[in-house]
Amino acid sequence: MTNTVLVTGGSGFIGSHLVERLAQQGDRVAVYDNFDPYYDREIKQANIGPSLAMGNVRLAEGDILDRDKLFAVFEAARPAKVVHLAARAGVRPSFENPQSYVDTNVTGTLNVLLACRKYAIERLVFASSSSVYGSASAAAQENVTPLRPLSPYGASKVAGEALCSAFSRRSGLAVTALRFFTVFGPRQRPDMAVNRFTRMIMSGETVPVYGDGTSRRDYTYISDTIAGIVAALDADLPGFNVFNLGRGQPIMLRDLLKLIEFGLDRHARLRFVEDQQGDPQQTCADITRAHAVLGYEPRVSTQNGVIRYTEWYLEQGRERVGSR
């Protein structure tokens with residue numbers, strides 16, 4: 001029997017890749033997205049366009065804060081499972097307007113949970129973030145490492161997880177929270193590091209490097225993240241569960257820039273500036289639990305992922321990624 005999966009935020013970077021994967025494997029997909037102006041609507045339309053042409057994908061435009069509209073989409077689609085990706089993204093902007101992050105990432109998640117409870121959803125997959133950990137000196141473990149977010153964005157994801165846990169305990173809803181670690185690849189948001197650095201190097205702009213370039217991030221290629229989401233959707237896990245989705249192999253910022261230079265065959269002009277508020281010195285995922293329970297096994301190295309991204313950018317991405 002073909003499942004219907006509802007994906008909130010399905011026209012974004014991760015969402016559009018997930019919708020494409022689900023549609024290709026034969027699922028019916030209902031997409032709910034508000035086309036938030038955080039970046040150009042045209043980019044998101046280009047993201048989701050090919051999937052809409054498949055015939056088993058339907059798009060409804062609306063905000064997760066609009067509870068009536070959200071419930072109407074659940075009523076029409078009658079999904080078996082839900083992937084909740086819709087969120088206000090960005091660590092640094094969350095300091096400028098923290099209320100909007102609480103509204104969308106906490107109240108919006110509450111609305112999704114209420115809809116899941118009303119329509120007896122089999123499973124909810126909630127997109128969390130490595131930002132819930134803050135700056136951990138060792139590889140972060142789901143049930144061991146303290147949650148000490150450094151930004152309102154990270155705090156809003158902690159709150160979203162807590163709501164998911166409470167609803168799961170109270171109503172029996174099966175919820176899997178996935179903590180994403182710096183996902184990158186084609187269709188990446190214009191403000192994200194690999195996209196921004198690629199664009200600036202290609203245009204000859206001076207690239208601002210925060211700190212001394214030794215900060216480390218656990219970059220995860222988009223296809224590995226999508227494999228983890230699909231595995232979480234398919235896993236028969238009762239109650240509330242949390243998994244890290246990263247590589248467990250962080251890379252220094254200065255080394256990431258070298259990989260992009262190699263992929264573009266261009267030299268970067270660098271300017272070292274002060275560290276940014278809310279940025280941890282390191283992120284690193286312990287993926288032992290995801291491997292054991294979900295069979296999660298990232299296959300694309302950071303080096304190969306950057307090469308794939310720069311090839312995509314040079315072939316077609318330059319006209320699509322926009323600017324900030």
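A nonpolar core, as the term is used here, is a set of buried Ala, Val, Leu, Ile, Met, Phe, Trp, Tyr and Cys residues joined through side-chain atoms within 4.5 Å. All views show a predicted model.

**View 1. The largest nonpolar core and its best-connected members.** This core counts 63 residues, and V7, I14, L18, V83, F180 and I229 are the ones touching the most other members. Helix α8 (residues 222-234) chips in the largest share, with 7 residues. Set apart from this core is another one of 26 residues, including A30, L114, L124 and F167.

**View 2. A look around F180.** Leaving out anything up to four places away in sequence, F180 touches I14, L85, A127, S128, S129, S130, T225, I229 and L245. Two of these neighbours, I14 and I229, turn up again among the core members that touch the most others.

**View 3. Helix α9 against helix α11.** Here the axes of α9 (residues 253-264) and α11 (residues 302-315) come within 9 Å and cross at roughly 45°, which makes the pair oblique. The crossing is right-handed. On the α9 side, L256, L259, I260, F262, G263 and L264 make the contact, and α11 answers with T302, Q303, V306, I307, T310 and L314. Sorted by class, that's 8 nonpolar residues, 4 polar and no charged.

**View 4. Helix α7 against helix α11.** The axes of α7 (residues 193-203) and α11 come within 11 Å, crossing at roughly 55°, so α7 is oblique to α11. This crossing is right-handed. V194, N195, T198, R199 and M202 of α7 meet Y309, T310, Y313 and L314 of α11. The tally for this contact is 5 nonpolar, 3 polar and 1 charged.

Note on methods: Residues numbered from 1 in each chain as written. Predicted model: local features only at pLDDT ≥ 70, side-chain atom pairs only at ≥ 80, totals over all residues. Heavy atoms only, no water. Axes fitted to C-alpha atoms, helices over the stretch in contact; angles between N-to-C directions. Helix = DSSP H or I, 4+ residues; strand = E, 2+ residues; numbered from the N terminus. Parallel < 35°, antiparallel > 145°, perpendicular 65-115°, else oblique. Left-handed = near helix turned anticlockwise from the far one by under 90°. Contact = heavy atoms within 4.5 Å. Nonpolar A, V, L, I, M, F, W, Y, C, P; charged D, E, K, R; others polar. Buried < 20%, exposed > 50% of the residue type's maximum accessible area, 1.4 Å probe, protein only.
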